[in-house]
Amino acid sequence: MKEGPELHSSAEFENISVNPITRKGFLFMTGKYVAAGAMGSAVMSGTTNSVYAQKKDTVNTGRLPAKPDEQIVLEKWKSEYDQASAPVPMPMPPDKRVGYAVVGLGHLSLEEIIPALNMCKKSRLVALVSGSPEKMKKVASQYAIQAESCYSYETFDQIKNNKEVEVIYIVLPNGMHKEFTVRGARAGKHILCEKPMANTQEECREMIDACNNAKVKLMVAYRIQYQPHNRKLRELVQSKEFGNVKFLEASNCQSSANPDHWRHKKKLAGGGALPDIGLYCLNTTRFVLGEEPTEVFAYQYSTPGNPLFTEVEEMVSWQMKFPSGVVASCSTHYNVHESRHYRVLCEKGWLNIDKAYAYKGQSLSRAKADGKLELHENIGIAEVNQFMTEMDHFSDCIIQNKRPYTPGEEGLQDQILMEAIYQSAREGKPVKISAGKVPANFRGPEPELG
Ligand code: NAD
């Protein structure tokens, strides 16, 4: 995490004052201070002492910035032996934030995305799209959205006339992502699309083309790539502190119960455990290693007679071979108790994240041999809301006209790999991934996550 600028404490002020007196004593003797403002800043009366003039912002409050786009820095009080507090947030004024329309008001939108928009610094909710007028009316009243900024799937295209909407965030069943991306791009809006990007690579390519033709940005919502524990693990892997990576184990599993849900219908979901949750193992492994697999080998199974798995698969287990020689062994299951973790095995130690793909609660640890001992270390990192970070990154890309870190090509690459995984499971043999299907260096610059 980035540290704020160095603070100037009141103790420092005492050190530079001419007489070795306490600050309290100095205030008493001079009577020159007037406490000012609800934020606790301090100002001087007319007869300004030059020493104080240099340091006037620093007493009590740290440093008040001269310009509105500079950070407020508060007075330091913790010792260096405790974790430094996060820098003071720098939210943009609400009317300057990028406006989002959220399409689909299901679990993810109502439980995570819309509440996270309220915490964003660069993004805000300005419109809703839903097939249920009653639900949308309720949500609109909860989040102060005007009736004229609420659209049905049929009236969705009118969103082009809504100047407040800059981004359309698609949170619909996977089989509907393409249609709403293409329609949204034609309306001239930037698109943030939930994972998996679509059901086929043809759909992914159509979405990329539609956004390119309309000159709007397209980002796939891979929140893990903006999550601090996963980013820290990637940094540790790249530092090679434990030598080269040799092997990676990743697993993302959960338990389903409703065979009528769209997740169990092939047309709407595209597949079962693999595109829904196994995708995290695939995408995060590529992100951590920073290379693309050249070959996959998979096994797939569904319990016969289980109505949950008549259209989509229950489990997939697969291996991926990378150019560096690393092999990743991944698994995903729709019918076991929740378990989400991965471990990166290096020459001199390993790195591990439990709850790696969860919305919160990530736990990063590492271990290495030290003579007869094995040293274990837990790495404590403050949690941040992953949806907030991801949306603010996309808003940043729009404000600064940058390419997103996880653009459409990132979703396409995963789709190519998932199709190869299914093919391998069907044929019972490894499938090679031909290079050049996705342009190299398709990512935007590393996100500035504040
Ligand atoms: P959900 O079932 O809770 O919500 C889906 C919404 O789509 C509902 O409001 C539903 O009414 C609407 N809908 C419109 N047409 C529909 C149709 N024909 N059939 C079914 N629903 C229809 O699903 P969700 O869990 O919110 O998932 C939505 C998307 O978000 C999916 O693409 C999913 O993969 C993705 N997702 C991502 C994460 C993440 O962490 N990034 C987590 C969960 C879901």
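These legends go with close-up views of a predicted model.

**View 1. The buried face of helix α5.** Helix α5 covers residues 133-142, and M136, V139 and A140 are buried in it. Look down the axis of α5 and its buried residues fall within an arc of 105°, so they line one face of the helix. That fits a general rule: an α-helix has 3.6 residues a turn, so residues three or four places apart point the same way.

**View 2. What sits over that face, and what lies opposite.** The cover on the buried residues of α5 includes α4 (107-117), along with β4 (123-129) and β5 (150-151). Flip to the other side of α5 and you find E134, K137, K138 and S141, which are exposed.

**View 3. Just past the end of α5.** Here the residue to look at is A144, which follows α5. The phi of A144 is positive, near 55°.

**View 4. Helix α4 against helix α11.** Besides helping to cover α5, α4 packs with α11 (residues 386-399) at an angle of about 60°, and the two axes are 8 Å apart. At that angle α4 counts as oblique to α11, because only angles of 65 to 115 degrees would be called roughly perpendicular and those under 35 roughly parallel. The crossing of α4 past α11 is right-handed.

**View 5. The side of α4 that touches α11, residue by residue.** From α4 come L108, E112, I113, A116 and L117, while α11 brings F387, M388 and M391 to the contact. Sort the residues of this α4 and α11 contact by type and you get seven nonpolar, one charged and no polar.

How values were computed
Residues numbered from 1 in each chain as written. Predicted model: local features only at pLDDT ≥ 70, side-chain atom pairs only at ≥ 80, totals over all residues. Heavy atoms only, no water. Buried < 20%, exposed > 50% of the residue type's maximum accessible area, 1.4 Å probe, protein only. Helix = DSSP H or I, 4+ residues; strand = E, 2+ residues; numbered from the N terminus. Arc of directions from axis to C-beta. Contact = heavy atoms within 4.5 Å. Axes fitted to C-alpha atoms, helices over the stretch in contact; angles between N-to-C directions. Parallel < 35°, antiparallel > 145°, perpendicular 65-115°, else oblique. Left-handed = near helix turned anticlockwise from the far one by under 90°. Nonpolar A, V, L, I, M, F, W, Y, C, P; charged D, E, K, R; others polar.
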